Amino acid sequence: MKKHKSRLRTALVAAPLTLAATGLLMAAAPMTKIDTTPAPAAVTRPAPSPAITPEQLNIANSLSQAFRNVADRVLPAVVAIENRPDTSWRAAKAAPDGNSKNTPNPFKGTPFEDMFRDGQIPMQPGMPPRQAPRSQGGIGSGVIIDTSGIVLTNNHVVEGGGTVIVKTHDGREFEAVEVFTDPKTDIAVVKINGDDSLTAAKLGDSDTTSVGDWVVALGQPFGLESTVTAGIVSAKNRGIGITARENFIQTDAAINPGNSGGPLVNLYGEVIGINTAISSRGGGNNGVGFAVPSNMARWVSDQLVASGTVQRAYLGVAIQPVSHELAGQLGVSPRGGVAVTNVFPDTPAAKMGFQSGDVIVKFGSTKVATPQQLQLAVERSAIGQTVSVEIVRDGKTVALTYEPEAAPNDFADAGPKQKPGGVKMQSLGIEVTPLTADVAKQLGLEESAGVVVTRVQEGSRAEQAGLSPGMVIAQVNRQDVSTMAEFENAVKSDEDGTLLLLVRSERGSRFVVIEG
């Protein structure tokens, strides 16, 4: 490397000396042959960028002004929420010697009993438990939506009981008089004794928000009060598996711990979401944040304020997405609706005449392409108002009418659950046995129609389709199979072609396509 640098310096120095010597020879001997080697081309430098015009500056400043206007309008409505758990029971029940092993289990008789053994909380599997730490209050954000003292926030900000303190933008503190929560959407309402001196933010229409729109997130990240960050709407209708009901707005506006419960606002100063979660490996912002849409938050909060609970309507079916493989079998386009895999008895769906294999393509005025969309549309149906439902059955469009009913408390979110557990069908790679009443009871089924898969051959068509032991096959090519003979005949009549099976398992009912 040193030699290379030396040659480079020599070349740069020798070049001007050679040119100078050539000039002297030309002056002394005009007839001497001239060296015609072209001189090195001059280095072309890019022309400097033109000065920014006043018009361009005005465009940039107008966006900055929009952000300032949003901050000025909404920040007074943003609050910090502190949850101070009540720890008085520790002092009252603690043993005189301070030995935590003598402390009664406060969760005895509840599903959380095993989480508090001898004053210890287990950590990850395989790790020894650590001593239960002192209760510590959490700090999150919220937004005032009514000057009477209605604050919208997240359930996970206020859950756990104790005292909830609301700190307003102007430094005042209020103790919550009521706290109502809806864990299914992670939305909560905190009520304080407010008055006209409070500033309320306006809830906007999240349905009109589009991907690419500018948004501003406000809150108390890491306890830093009145923080404003900006970004765009990255996606809509996201489901990330953290709550039972999800329809998140995704944004790249910086959202960090402490932003939970704060507002996501458009450039009109309208709240279009409640910041709820981030996707992060290190606990900080990675440019992927999620907010509950304002329309969902409004629907939930209105009910919480009015009655303290959320009433949801239900249909009474098990459903699944319409994949590319299912689409051809059911006579619709991929994502052209939601397939019904089971109809539960004594439900609105049973009264309407739904059948397994129906594809719901429209619910009221909403076109549904995913189970999530259908579920949200059904649950928000007003009791007492009929809703038109459009389905595709055997390739034909059928109109049904739904009369909403409130979901009973004992009706599971995904319907009754089933527990997993002969004749070999070599062409499919499975072994099946009859589904008797005793076997159906063991599997948690109310009816004993179908056959049970007992073995699946590795690498077979059945395994590739997702079949596994313990599944119950209830239909073959849309035909019910109640006995082994019916199943064998249905398969043999089309065993070399594509089969559409309706199966039931511990995860519910779904269609499975076995390719020919």
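**A cavity, aromatic pairs and a few single residues**

Let me begin with the largest cavity, whose lining is made up of Thr 185, Arg 245, Met 296, Trp 299, Arg 312, Leu 376, Glu 379 and Arg 380. Please keep in mind throughout that what we are looking at is a predicted model. The space inside this largest cavity comes to about 50 Å³, and when its lining residues are sorted by character, three are nonpolar, one is polar and four are charged. Which helices each supply at least two residues of that lining? They are helix H5, which covers residues 294-307, and helix H8, which covers residues 371-379.

Staying with H8 for a moment, its buried residues are Leu 374, Leu 376, Ala 377, Val 378 and Glu 379, and among these Leu 376 and Glu 379 also belong to the lining of the largest cavity. The cover over the buried residues of H8 includes H5, together with strand E17 (313-314), strand E18 (317-321), E19, E20 and E23.

I turn now to the aromatic rings. In general, a pair of aromatic rings is described by the distance between the centres and the angle between the planes. Searching the whole structure gives three aromatic pairs, and I will describe two pairs here. In the pair of Phe 67 and Trp 214, the centres are 5.5 Å apart and the planes stand at 75 degrees, an edge-to-face arrangement. This pair links distant parts of the chain, since Phe 67 sits in helix H2 (residues 54-74) and Trp 214 in strand E11 (residues 214-219), 147 residues apart. Trp 214 has a relative accessibility of 38%, and therefore counts as partly exposed.

The other pair I want to show is Phe 363 with Tyr 402, where the ring centres are 5.6 Å apart and the planes meet at 55 degrees, so the pair is tilted. Because Phe 363 belongs to strand E20 (residues 359-363) and Tyr 402 to strand E23 (residues 396-402), the pair ties together parts that lie 39 residues apart in sequence. Are these two residues, Phe 363 and Tyr 402, buried or exposed? Both Phe 363 and Tyr 402 are buried.

Next comes the backbone. As a rule, most residues other than glycine have a negative phi. Arg 335, however, has a positive phi near 60 degrees, and it is found in the loop between helix H6 (324-330) and strand E19 (338-343). With a relative accessibility of 56%, Arg 335 counts as exposed. Asn 477 likewise has a positive phi, near 50 degrees, and its place is the loop between strand E28 (472-476) and strand E29 (479-480). Asn 477 has a relative accessible area of 24%, so it is partly exposed.

I will finish with two residues in strands. Thr 153, in strand E5 (residues 150-154), has a relative accessibility of 0% and therefore counts as buried. Where does the side chain of Thr 153 reach? It comes to 2.7 Å from the backbone oxygen of Ser 141. Leaving aside neighbours within four places in sequence, the contacts of Thr 153 include Ile 81, Val 158, Asp 186, Ser 260 and Ile 274.

Val 512, in strand E31 (residues 508-514), counts as buried because its relative accessibility is 2%. Not counting residues up to four places away in sequence, Val 512 touches Ala 465, Leu 467, Leu 499, Leu 500, Leu 501 and Val 503. Its C-alpha atom is separated by 9.8 Å from that of Val 476, and the two residues are 36 residues apart along the chain.

Technical notes:
Residues numbered from 1 in each chain as written. Predicted model: local features only at pLDDT ≥ 70, side-chain atom pairs only at ≥ 80, totals over all residues. Heavy atoms only, no water. 1 Å grid on protein atoms, 1.4 Å probe; cavity = no way out; pocket = protein on both sides within 12 Å on 5 of 7 lines; lining within 4 Å. Points joined across faces, edges and corners; volume = space filled by probe spheres on them. Helix = DSSP H or I, 4+ residues; strand = E, 2+ residues; numbered from the N terminus. Nonpolar A, V, L, I, M, F, W, Y, C, P; charged D, E, K, R; others polar. Phe/Tyr/Trp six-rings, centres within 6.5 Å; stacked < 30°, edge-to-face > 60°. Buried < 20%, exposed > 50% of the residue type's maximum accessible area, 1.4 Å probe, protein only. Contact = heavy atoms within 4.5 Å. Polar contact = N/O pair within 3.5 Å; in protein donor to acceptor, adjacent residues only side chain to side chain.
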